[in-house]
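Trainee: I would like to go through this model piece by piece, with a reason for each answer.
Mentor: Go ahead and ask.

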Amino acid sequence: MQINSEWIKNKVTQNILKIFEGADHNAYLVGGCIRNSILNIPVTDIDISTDATPQQTVDLFNRENCKVAPTGFSHGTVTVISEGIPYQITTMRSDQNTDGRHADVVFSDDIKKDAERRDFTINALYADSTGKIINPIGGLEDFNPLAIKFIGDPNNRIQEDYLRILRFFRFHAQFSELVTQFDKVALDAIKKNQDGLKKLSKERIWSELKKILSTSNPARSLYKMSQLGILKIILENKNVHNIKRFNLIEKKIGLEPEPIRRLVAITENTEDTFLNLSRKEAKKFSLLKGLLKKKHDPAELVYQFNREIAQSVLAIYTFYKGEKLKLSDIKKIEKACLFPCPITGAQISKYMDGAAVGIKIKEAQRAWIKSNFKSDEAKILSDIGIKTSTHS
């Protein structure tokens, strides 16, 4: 099988491979770029596997005046940037002395050994500079139909790095329209080894869970994770109730995938994520949780925050309550975005100061919304008890 995608024909990619070839080293395109090309999915990251050591790679590309970053040098990975394109280049290797979080690596020139240390069969495909696919462990067979299978013994693969449990569900979510069912052998191994997730740092868990929550349709993966008890381990949250329905609500409102909104949706019964979110993420999580404690007029939330917050609160509140999504609420948000409230804090400050200004602004926004976004400035001021020289 041959890959004829433009990214592999790109002169920069070809030049990177020729530099290795000119120094008598083997170098192959590997992993996600090959997988995505076979599936006709856009390639965003290009990984290369080589028999050159990390130091040899650094020396080679320094001589070519490329920018070189030792991003994972001790584990064999160097990032080379050529004409603005980053290439993650890793020395072929095998893992030794794994403890479920990281491994000691031994560098190699054996492509089969390098393939055997990877996680899933669909990620263990290589291609040379002509695009010819090299299939050292038979991963090509798992593309028709697409199946997410661990390489070799799933128990061994999981015990090498327990994060692979979450990666398994991430790929299911990422390719949800292509993967028809879960591999039973993999699920059995996951169930047997899932307590190993407790050994992982909260940062690594959130990094992978965030990718799951960012896919267009994570419902099936989340449901299976809930069913197996994985969400209880990583979120201390027992189950996800009908997350598929939440995806449908998001689509009806016109919301794009957003991980914090979805994290709030699947942690209904807790105020804590039990994860190490960034400061910005934690702030949004707390804001949404706070706003969900009572029903809000969605148009008011547009004026007080922004469109996305208003839409998110509407989606999650509807989901929590098991209510039917109201078209009128969706339209209210659209109208609030099109028609800003004509009363500003500066106008109200002419008549009062301090905390009273903020209170009156909210009253003005409610009066404006109640008028179906059609009232005039003088009428709104009158409605909220402010007498002016033009309207008394």
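Trainee: In the hairpin of strand 4 and strand 5, which residue takes a positive phi?
Mentor: The model is predicted, and the values here are computed from it. Strand 4 and strand 5 pair in the antiparallel sense over 6 bridges, with Thr79 opposite Gln88 of strand 5. The hairpin has 2 residues between the strands, and the residue with a positive phi, near 50°, is Glu83.

Trainee: Which residue has a positive phi in the turn of the hairpin that strand 3 and strand 4 form?
Mentor: Strand 3 and strand 4 run antiparallel and are joined by 4 bridges. Val68 stands opposite Val80 of strand 4. There are 4 residues between the two strands, and the one in the turn with a positive phi, about 100°, is Gly76.

Trainee: Is Ser82 buried or exposed?
Mentor: Ser82 is found in strand 4, residues 77-82. Of the 6 residues of strand 4, 5 are buried, so the strand is largely enclosed by the rest of the structure. Leaving aside neighbours within four places in sequence, Ser82 is in contact with Val12, Ile16 and Cys66. The cut-off for a buried residue is under 20% relative accessible area, so at 10% relative accessibility Ser82 counts as buried.

Trainee: Which strands stand at the edges of the sheet?
Mentor: The sheet is open, has 7 strands with mixed pairing, and follows the order 3-4-5-2-1-8-9. Each edge strand has a single partner strand, so one side of each is left without a neighbour in the sheet; the two are strand 3 (67-72) and strand 9 (133-134).

Trainee: What is the bridge partner of Ala27 in strand 2?
Mentor: Strand 1 (residues 27-30) and strand 2 (residues 46-50) run antiparallel, joined by 4 bridges. In strand 2, the partner of Ala27 is Thr50.

Trainee: At about what angle does helix 4 run to strand 4?
Mentor: Helix 2 (residues 11-22) lies across strand 1, strand 2, strand 4 and strand 5 (85-91), and runs at about 30° to strand 5. Helix 4 (residues 54-63) lies across strand 2, strand 3, strand 4 and strand 5, and its angle to strand 4 is about 15°.

Trainee: How do the axes of helix 2 and helix 4 stand to each other, roughly parallel or roughly perpendicular?
Mentor: Two packed helices are described by the distance between their axes and the angle between them. The axes of helix 2 and helix 4 come within 11 Å and cross at roughly 115°. That makes helix 2, relative to helix 4, roughly perpendicular.

Trainee: How many charged residues are in the contact of helix 2 with helix 4?
Mentor: Helix 2 passes helix 4 in a right-handed crossing. The contact is made by Ile16, Ile19 and Phe20 of helix 2 and by Thr57, Leu60 and Phe61 of helix 4. By class, this contact has 5 nonpolar residues, 1 polar residue and, as for charged residues, none.

Trainee: Is Trp368 buried or exposed?
Mentor: Trp368 is found in helix 19, residues 355-370. Leaving aside neighbours within four places in sequence, Trp368 is in contact with residues including Tyr303, Phe339, Pro340, Phe373 and Ile380. Relative accessibility is 6% for Trp368, so this residue counts as buried.

Trainee: What separates the C-alpha atoms of Trp368 and Arg279?
Mentor: Trp368 and Arg279 are 89 residues apart along the chain. In space, the separation of their C-alpha atoms is 34 Å.

Notes. Residues are numbered from 1 along each chain as its sequence is written. This is a predicted model: local features need pLDDT of at least 70, side-chain atom pairs count only at pLDDT 80 or more; totals for chains, interfaces and linings use all residues. Side-chain values use heavy atoms; hydrogens and water are left out. Buried means under 20% relative accessible area, exposed over 50%, partly exposed in between (1.4 Å probe, protein chains only). Contact means heavy atoms within 4.5 Å. Two strands pair if DSSP finds at least two bridges between them. Axes are lines fitted to C-alpha atoms, for helices over the stretch in contact, and angles run from 0 to 180 degrees between N-to-C directions. Angles under 35 degrees count as roughly parallel, over 145 as roughly antiparallel, 65 to 115 as roughly perpendicular and the rest as oblique. A crossing is left-handed if the near helix is turned anticlockwise from the far one by less than a right angle, and right-handed if clockwise. Ala, Val, Leu, Ile, Met, Phe, Trp, Tyr, Cys and Pro count as nonpolar, Asp, Glu, Lys and Arg as charged, and the others, Gly among them, as polar.
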